[in-house]
Amino acid sequence: MGRFEGRTAVVTGAGGGIGRACALLLAEQGARVALMDISAESVELTAEALRRAGGNAAGYLVDVTDTAAVDAALARAEEDLGPVTLAAGAHGIVRNHPFLELPAEDWDATMAVNLKGMFVLLQRTALRAVAHGGGTMVAVSSVAGRGPRATCADYAASKAGVISLVRSAALSLAGHGIRVNAVCPGVVDTEMTRAIHRQKAEIEGITAEESFARQAAKIPLGRIETPQEIAGVVSFLLSDDSSYVTGQALNVCGGLEMD
Ligand SMILES: NC(=O)c1ccc[n+]([C@@H]2O[C@H](COP(=O)([O-])OP(=O)(O)OC[C@H]3O[C@@H](n4cnc5c(N)ncnc54)[C@H](O)[C@@H]3O)[C@@H](O)[C@H]2O)c1
């Protein structure tokens with residue numbers, strides 16, 4: 001029996017690198033998985049991969065900033081897959097601008113997706129989990145939420161906001177039998193990171209692979225992490241193995257950040 005047998009999980013950003021890895025692992029561990037993403041194509045790719053692996057999943061096209069759309073998708077997910085009591089928030093966007101050039105519209109967009117979207121996911125899922133007698137939720141933040149970032153102040157602020165949001169949600173929901181935690185990845189091999197390194201490489205006149213290697217050399221464990229390494233920690237935090245852990249933000253970053 002998998003650790004999530006008989007349970008239904010919602011995963012946002014399920015078409016992305018970390019979201020897909022989380023969805024695949026949770027399904028492998030027995031969960032039925034509601035896959036949510038703003039990209040129809042990528043969410044369908046995840047759904048196909050998951051079904052090929054023998055999992056039970058359904059994809060939903062959702063913009064996490066739209067509360068009504070999230071509610072509607074959760075309602076459909078419960079009809080299709082059963083009561084939702086687990087959530088992994090792995091949606092997100094990042095844009096690179098030095099502070100003096102950061103457009104206010106980009107600030108708004110980053111805050112809307114990364115922070116408001118996480119609030120919407122946690123609150124709307126929690127309302128259902130309360131009715132079902134409890135649950136667990138994990139939000140993907142970032143080590144960028146732990147400190148300053150010269151070229152993505154909006155992203156760093158949104159991720160610091162996610163850590164704060166998780167703490168408040170955990171405090172508020174503990175009495176309802178709901179645990180809420182965050183994971184803070186460092187540098188993960190996904191399209192988000194590859195796009196940043198393509199941009200950096202162009203500016204620095206090197207290849208994207210060289211830029212990737214330079215980044216890896218700055219990490220104490222000496223390599224960039226895989227999405228599966230995040231998924232493993234997300235699964236742990238969603239499971240009963242972490243039954244006394246709530247309101248925490250756990251760095252999963254090869255030692256890039258230590259606290
Ligand atoms: N890749 C890294 O190095 C890294 C490091 C730290 C934190 N993170 C965080 O991990 C999470 C996942 O990142 P990833 O690396 O898998 O990136 P990714 O770009 O592969 O995936 C992000 C997913 O979010 C989806 N998304 C974007 N806006 C959305 C919206 N409004 N509604 C619903 N879905 C939306 C995208 O379509 C995409 O599928 C993000 O929150 C990111 O900030 C990533």
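In this predicted model, Ala-150 has a relative accessible area of 65% and is therefore exposed, the threshold for that class being over 50%. The residue belongs to the loop that connects β5 with α5 (153-173). Once residues up to four places away in sequence are set aside, Ala-150 touches His-97, Pro-98 and Phe-99. Val-33, by contrast, is remote from this site: 117 residues separate Ala-150 and Val-33 in sequence, and their C-alpha atoms are 37 Å apart in space.

His-97 leads on to a second position, Asp-106. Apart from residues up to four places away in sequence, Asp-106 touches Arg-95, His-97 and Asp-154. His-97 is thus a contact of Ala-150 and also of Asp-106. Asp-106 lies in helix α4, which covers residues 104-132. Its relative accessible area is 13%, so Asp-106 is buried, since that class requires a value under 20%.

The strand β5, which comprises residues 135-140, contains Thr-136. Thr-136 counts as buried because its relative accessibility is 7%. A polar atom of the Thr-136 side chain lies 2.8 Å from the backbone oxygen of Leu-238. Neighbours within four places in sequence aside, Thr-136 is in contact with Thr-85, Leu-86, Ala-87, Arg-179, Leu-237 and Leu-238. Leu-238 therefore appears both in this list of contacts and as the partner in the 2.8 Å polar pair, where a polar contact is a pair of N or O atoms within 3.5 Å.

Glu-79 presents the opposite situation. This residue is found in helix α3, residues 67-81, and its relative accessibility of 70% is why Glu-79 counts as exposed. Along the chain, Glu-79 and Lys-116 are 37 residues apart, and 26 Å separates their C-alpha atoms.

Helix α2 can be examined as a whole element. It consists of 13 residues (residues 40-52); at 1.5 Å a residue these should span 18 Å, and the distance of 18 Å between the end C-alpha atoms agrees with that expectation. The buried residues of α2 are Ser-42, Val-43, Thr-46, Ala-47, Ala-49 and Leu-50. Viewed down the helix axis, the buried residues of α2 fall within an arc of 165°, so they line one face. The periodicity of the fold accounts for such a pattern: an α-helix has 3.6 residues a turn, so residues three or four places apart point the same way. The buried residues of α2 pack against three elements, α1 (17-28), β2 (32-37) and β3 (56-61). On the other side of α2, Glu-41 and Arg-52 are exposed. After the helix comes Gly-54, which has a positive phi near 90°.

The ligand completes the picture. There are 28 residues around it, and those that come nearest are Asp-37, His-91, Tyr-155, Lys-159 and Thr-190. Lys-159 also supplies a polar pair, in which an N or O atom of its side chain is 2.7 Å from an oxygen atom of the ligand. Backbone atoms take part as well: a polar backbone atom of Gly-16 is 3.1 Å from an oxygen atom of the ligand, and a polar backbone atom of Val-62 is 3.4 Å from a nitrogen atom of the ligand. Taken alone, the ligand exposes 820 Å², of which the protein buries 90%.

Notes. Residues are numbered from 1 along each chain as its sequence is written. This is a predicted model: local features need pLDDT of at least 70, side-chain atom pairs count only at pLDDT 80 or more; totals for chains, interfaces and linings use all residues. Side-chain values use heavy atoms; hydrogens and water are left out. Helices (H or I, at least four residues) and strands (E, at least two) are DSSP runs, numbered from the N terminus. The expected span of a helix is 1.5 Å times one less than its number of residues. Buried means under 20% relative accessible area, exposed over 50%, partly exposed in between (1.4 Å probe, protein chains only). The arc is that of the directions from the helix axis to the C-beta atoms. Contact means heavy atoms within 4.5 Å. A residue is near a molecule or strand if one of its heavy atoms lies within 4 Å of it. A polar contact is a pair of N or O atoms within 3.5 Å; within protein, one must be able to donate a hydrogen and the other to accept it, and residues adjacent in sequence count only if both atoms are side-chain atoms. Accessible areas come from the Shrake-Rupley method with a 1.4 Å probe; for residues, only the protein chains shown count as cover.
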